[in-house]
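Subject: Structure handover

Hello,

Here is the structure for you to open. Please keep it on screen while you read my notes.

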Amino acid sequence: MKWIIDRIEGDTAVCETENGGFADIKLESLPTGAKEGDVLILCIDKAETEKRNEDLNRKMNSLFKD
């Protein structure tokens with residue numbers, strides 16, 4: 001999914017979405033140095049998601065041992 005930073009208003013970036021809509025994103029949530037005209041790519045990191053799920057399961061299993 002690609003978003004383009006259309007403009008910055010205060011502490012918010014107004015981003016145009018692929019379907020022509022707009023989304024407001026807090027600047028603190030964007031990479032440092034993001035500016036008007038920059039293209040943002042939003043994707044799911046499946047490897048990191050799996051790693052986090054495995055870590056969570058390991059922690060849960062250690063809490064609920066018999």
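Below is what turned up, from the overall layout down to single side chains.

One caution to begin with: this is a predicted model.

Overall layout

The chain has four strands and one helix. Read from the N terminus, the order is β-β-β-β-α. The chain is more spread out than a compact globule, because its radius of gyration is 18 Å, well over the 11 Å that the globule rule gives for 66 residues. Along the principal axes, the C-alpha atoms fill a box of roughly 55 × 25 × 20 Å.

Buried residues account for 17% of the 66 residues. The accessible surface comes to about 5,600 Å². Carbon and sulfur atoms hold 52% of that surface. As for contacts with a separation of 6 or more, 37% are between residues 24 or more positions apart.

The core

Which residues make up the largest nonpolar core? There are eight: Trp 3, Ile 5, Ala 13, Cys 15, Ala 23, Ile 25, Leu 30 and Leu 40. Strands β1, β2 and β3 each supply at least two of them.

Cys 15 is worth a look on screen. Its relative accessibility is 0%, so Cys 15 counts as buried. Setting aside neighbours within four places in sequence, Cys 15 is in contact with Trp 3, Ile 4, Ile 5, Asp 6, Gly 21, Phe 22, Ala 23, Ile 25 and Leu 40.

Cysteines

How many disulfides does a search of the whole structure find? It finds zero. A disulfide is a covalent bond between the sulfur atoms of two cysteines. For Cys 15, the closest cysteine sulfur is in Cys 43, and at 15 Å it is too far for a bond. The cut-off for a disulfide here is 2.5 Å between the sulfur atoms. Cys 43 also sits in other surroundings: with 62% relative accessibility, Cys 43 counts as exposed, whereas Cys 15 is buried.

Salt bridges

Side chains of opposite charge can pair when their charged atoms come close. The structure holds six salt bridges. Here are some of them.

- Arg 7 and Asp 6: the closest N and O atoms are 2.5 Å apart. Arg 7 is partly exposed, at 33% relative accessibility. Asp 6 is partly exposed too, with a relative accessible area of 35%.
- Asp 11 and Lys 26: these side chains meet in a salt bridge at 3.4 Å, N to O. The pair links distant parts of the chain, 15 residues apart. Asp 11 lies in the loop between β1 (2–9) and β2 (12–17), while Lys 26 is in strand β3 (residues 22–26). Asp 11 is partly exposed at 47%, and Lys 26 is partly exposed at 41%.
- Lys 35 and Asp 38: their salt bridge is 3.1 Å, N to O. Asp 38 counts as partly exposed, at 22% relative accessibility.

Which residues are linked in a network of salt bridges? Asp 6, Arg 7 and Glu 9 are. Asp 6 has a second role in these notes, as one of the residues in contact with Cys 15.

Where to look

Start with Cys 15, which is part of the largest nonpolar core. Then go to Asp 11 and Lys 26, the pair that links distant parts of the chain. Finish with the network of Asp 6, Arg 7 and Glu 9.

Best wishes

How values were computed: Residues are numbered from 1 along each chain as its sequence is written. This is a predicted model: local features need pLDDT of at least 70, side-chain atom pairs count only at pLDDT 80 or more; totals for chains, interfaces and linings use all residues. Side-chain values use heavy atoms; hydrogens and water are left out. A salt bridge is a side-chain nitrogen of Lys or Arg within 4 Å of a carboxyl oxygen of Asp or Glu. Buried means under 20% relative accessible area, exposed over 50%, partly exposed in between (1.4 Å probe, protein chains only). Helices (H or I, at least four residues) and strands (E, at least two) are DSSP runs, numbered from the N terminus. A nonpolar core is a set of buried Ala, Val, Leu, Ile, Met, Phe, Trp, Tyr and Cys residues joined through side-chain atoms within 4.5 Å. Contact means heavy atoms within 4.5 Å. The radius of gyration is taken over C-alpha atoms; the globule rule is 2.2 Å times the number of residues to the power 0.38. Accessible areas come from the Shrake-Rupley method with a 1.4 Å probe; for residues, only the protein chains shown count as cover.
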